[in-house]
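Welcome! Below are some exercises on a protein structure, each with a solution worked out in steps. Have a look at the structure, then try each task before reading on.

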Amino acid sequence: METGAVVLAKQAFGILVVDDEKTLRYALQEGLSEEGYRVETAGDVAEAWEHLAREEYHLALLDQKLPDGNGLDLLKEIRSRHPEMQVVMMTAFGKFENAVEATKAGCFDYIGKPFELDHMKLVIKNALSQTRLSEEVTRLRAVERRRAGSTLIVGGSSKLAKVFETIRKVATTGTSTVLLQGETGVGKELLAREIHELGPSHSGPFVEVNCSAIPETLLESELFGFERGSHTDAKRTKKGLMEVANGGTLFLDEIGEMSLALQTKVLRALDQKRFRRLGGTSDILVETRIVAATNRDLKALVQQGKFREDLFFRLDVIRIMVPPLRERPEDIPPLIDHFVGLWNRDLGRAVKGPNDRALELLLAYRWPGNVRELKNVIERAILLESEEWILPEHLPVEIVGATGGASAVLETRLKGESSIITLAQAERIAIEMALGKAGGNKTKAAEWLGISRQTLRTKLKEYRIESAGGHDG
């Protein structure tokens, strides 16, 4: 007997049967639906394209002869528009004169009518297994690419080691909900991916939803999907990300930004493991691990009435606190080495790294943007400068100014290696000095520079300068 997980896995696969024999269409729909597949049928080419425009399918069963065309042409067109889709051809003529051409066009198998339903089920199983294999290869390649460029796994501090020890235990011992809490830029997404890769559902999809990046009016349809005609722009049925994540992991990033109304629907979906698309009338079953992340104090939001208490308890099964970079300074040198190597490869440079004084400044800085900020600082230094080493004058003003060494470094930058610098270089340095002194306040910096705030904004864009605080006034 098949487990619930197997049935759910099959439910995720859509099959389209295209044949002009109504009896055969009915028999295949009934037989394959009993296996747990999602099955739709079409009697001709035109109807087939109507289905393909509305829904996503993983496999098509095509009759060779159709009232308004032939299956071979339809096969070629499907493989052209949907290369990831498997196609099985059926023929009632007992001849396979087009089998070679069909195989070259991407047909998985060619079956003569009449056939045993069990034989067709086996062919479909093998075809979809190939689809799973292809998806697994793609997933593994993506994992390797992510790990090659990963930023969080670099470092050997005791605090980071403790986080990873917890993650390994949580990931490998079940599918419990995990809540990651930490400041912006500490790498919560990378941790969520690690939980997915080490867990029992690693062969399934990893789907990220940034709750703060999607407008509130669109977030519900992104999560749950919608049926065709459910609203003005719903020209075709769209799967929600919760459905896409079936059999894998759903990562709800910045969940503290989600509205109370949507929190209610998410809670219901998590509790019941089922939901309905917008405009839908039937439930969709999902088996998905939930990993949520926030840079806010959800308990405080609960007390303020901005976050549902029952959803908080539903998410707070296992909480992992991710320490900021300033609390683990011993991780900074290996992270710098990692980023120098990364940007040297990407930008075709051969920078050795920061010199001793620059490293002192990088270690002394508080890193409010955490690992992400460090990555950006190293990229900027390697991209804009051509020295063998990263020097103090290559670093942003807020980093140099953090230790009181800004004046000396900026004087060095003004003098440069030659006796003359361009006006543009001097203007850029003056702007950086003013921003550093103003703590990123653009209004104050503009006043000290004797220019309007709009002019300063234009110059910031022109010179690609990011202010420390980034606020206007």
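**Exercise 1. Which residue of E2 does Ile15 stand opposite?**

Before the solution, a word on the model. It is a predicted model, in which local features need pLDDT of at least 70 and side-chain atom pairs count only at pLDDT 80 or more, while totals for chains, interfaces and linings use all residues. Residues are numbered from 1 along each chain as its sequence is written, and side-chain values use heavy atoms, with hydrogens and water left out.

Step 1. Helices (H or I, at least four residues) and strands (E, at least two) are DSSP runs, numbered from the N terminus. Two strands pair if DSSP finds at least two bridges between them.

Step 2. E1 and E2 run parallel and are joined by five bridges.

Step 3. Across from Ile15, in E2, is Val39.

**Exercise 2. Describe the sheet that holds these strands, and what packs on it.**

Step 1. Five strands form an open sheet in the order E2-E1-E3-E6-E7, and the pairing is parallel.

Step 2. The edges are strand E2 (38-42) and strand E7 (109-112); each has a single partner strand, so one side of each is left without a neighbour in the sheet.

Step 3. On average, neighbouring strands here are turned by 20° against each other, direction ignored. For such values, axes are lines fitted to C-alpha atoms, for helices over the stretch in contact, and angles run from 0 to 180 degrees between N-to-C directions.

Step 4. Helix H3 (residues 45-54) packs on the sheet and touches E1 and E2 (contact means heavy atoms within 4.5 Å); its direction makes about 145° with that of E2.

Step 5. Helix H4 (residues 71-81) lies across E1, strand E3 (59-63) and strand E6 (86-91), and runs at about 180° to E6.

Step 6. Four of the five residues of E2 are buried, which leaves this strand mostly covered. Buried means under 20% relative accessible area, exposed over 50%, and partly exposed in between (1.4 Å probe, protein chains only).

**Exercise 3. Is Asp19 buried or exposed, and what surrounds this residue?**

Step 1. Asp19 sits in the loop between strand E1 (14-18) and helix H2 (22-34).

Step 2. Asp19 counts as buried because its relative accessibility is 0%.

Step 3. A polar atom of the Asp19 side chain lies 2.8 Å from the backbone nitrogen of Glu21.

Step 4. Neighbours within four places in sequence aside, the contacts of Asp19 include Leu24, Arg25, Asp63 and Lys113.

**Exercise 4. How many residues of strand E15 (residues 289-294) are buried?**

Step 1. Six of the six are buried, so E15 is largely enclosed by the rest of the structure.

Step 2. Look at both faces: Arg289, Val291 and Ala293 are buried on one side, and Ile290, Ala292 and Thr294 on the other. As background, side chains in a regular strand alternate between the two faces of the sheet.

Step 3. Strand E8 (residues 178-181) pairs with E15 in the parallel sense over four bridges, with Leu179 opposite Ala292.

Step 4. Strand E12 (residues 249-253) also runs parallel to E15, joined by four bridges. Here Leu250 has Ile290 as its bridge partner.

**Exercise 5. At what angle do helix H19 (residues 423-437) and helix H21 (residues 453-463) pack?**

Step 1. The angle is about 115°, and the axes are 11 Å apart.

Step 2. The contact is made by Ala424, Glu427, Arg428, Ile431 and Leu435 of H19 with Leu456, Lys459, Leu460 and Tyr463 of H21.

Step 3. These residues divide into six nonpolar, no polar and three charged. Ala, Val, Leu, Ile, Met, Phe, Trp, Tyr, Cys and Pro count as nonpolar, Asp, Glu, Lys and Arg as charged, and the others, Gly among them, as polar.

Step 4. Lys437 is also found in H19, and counts as exposed because its relative accessibility is 66%.

**Exercise 6. How many helices and strands does the protein chain have?**

Step 1. The protein chain has 21 helices and 18 strands.

Step 2. Of its 473 residues, 46% are buried.

Definitions and conventions:
Polar contact = N/O pair within 3.5 Å; in protein donor to acceptor, adjacent residues only side chain to side chain.
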